[in-house]
Amino acid sequence: MFPFMIKCDAYQQMVTYCQSQIPFEACGILSGINQVVTTTWCLPNAERSPYRYSIALPFINQTFSSIKQKGEQFLGIFHSHPTAPPDPSPEDIRNANYPEATYVIVSLLTYPPQTGCFQILHHQSFKKQLVVVP
Ligand SMILES: [Zn+2]
């Protein structure tokens, strides 16, 4: 599988947002051009929970139209694990509705935070490499 590439600024913004939402899980959408993430869309976690996340449909639709307006592609979904490693939970796998997306998990268990990157197809997760590009 191809590595998932994310611009340094977008990566920093994602991690900073995740840290700002402690003790709750943070979440959002990643978009970019030519398979490189250039924009992080920080969205509210509708669950306001340390263990779960969901993004309300109006926020998803609004973000998808903003992505289109920018001429970018929807590339991924991120969320944080405030106290767990960066691996998808059974619930993360069950609720993964976008087979074309890459799922990024930011673990705040360690400092600096660690990230895991996955494609989730047919209720199975496949680990991908995440590469931060300048
Ligand atoms: Zn999770």
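A pocket is taken here as an open set of points, on a 1 Å grid over the protein atoms alone, where a 1.4 Å probe fits and protein lies on both sides within 12 Å along at least five of seven lines, and its lining residues have an atom within 4 Å of a point. The structure is a predicted model, in which local features need pLDDT of at least 70 and side-chain atom pairs count only at pLDDT 80 or more, whereas totals for chains, interfaces and linings use all residues. Residues are numbered from 1 along each chain as its sequence is written.

The largest pocket is lined by 17 residues, among which Y53, S54, I55, N95 and N97 lie nearest its centre. Its volume, the space filled by probe spheres set on grid points joined across faces, edges and corners, is about 300 Å³. Helices α2 (57–70) and α3 (90–94), helices being DSSP runs of H or I with at least four residues and strands runs of E with at least two, numbered from the N terminus, each supply at least two residues of this lining.

The second largest pocket holds about 190 Å³ of space, and its lining includes M1, F2, P3, F4 and M5 as well as K128. Strands β1 (4–7) and β4 (73–81) each contribute at least two residues to the lining of this second pocket.

The strands form an open sheet of 8 members with mixed pairing, in the order β7-β6-β5-β4-β2-β3-β1-β8, where pairing requires at least two DSSP bridges between two strands. The edge strands, each paired on one side only, are β7 (124–128) and β8 (130–133). Strands β1 and β8 run parallel and are joined by 4 bridges, with M5 standing opposite V131 in β8.

Conventions
Heavy atoms only, no water.
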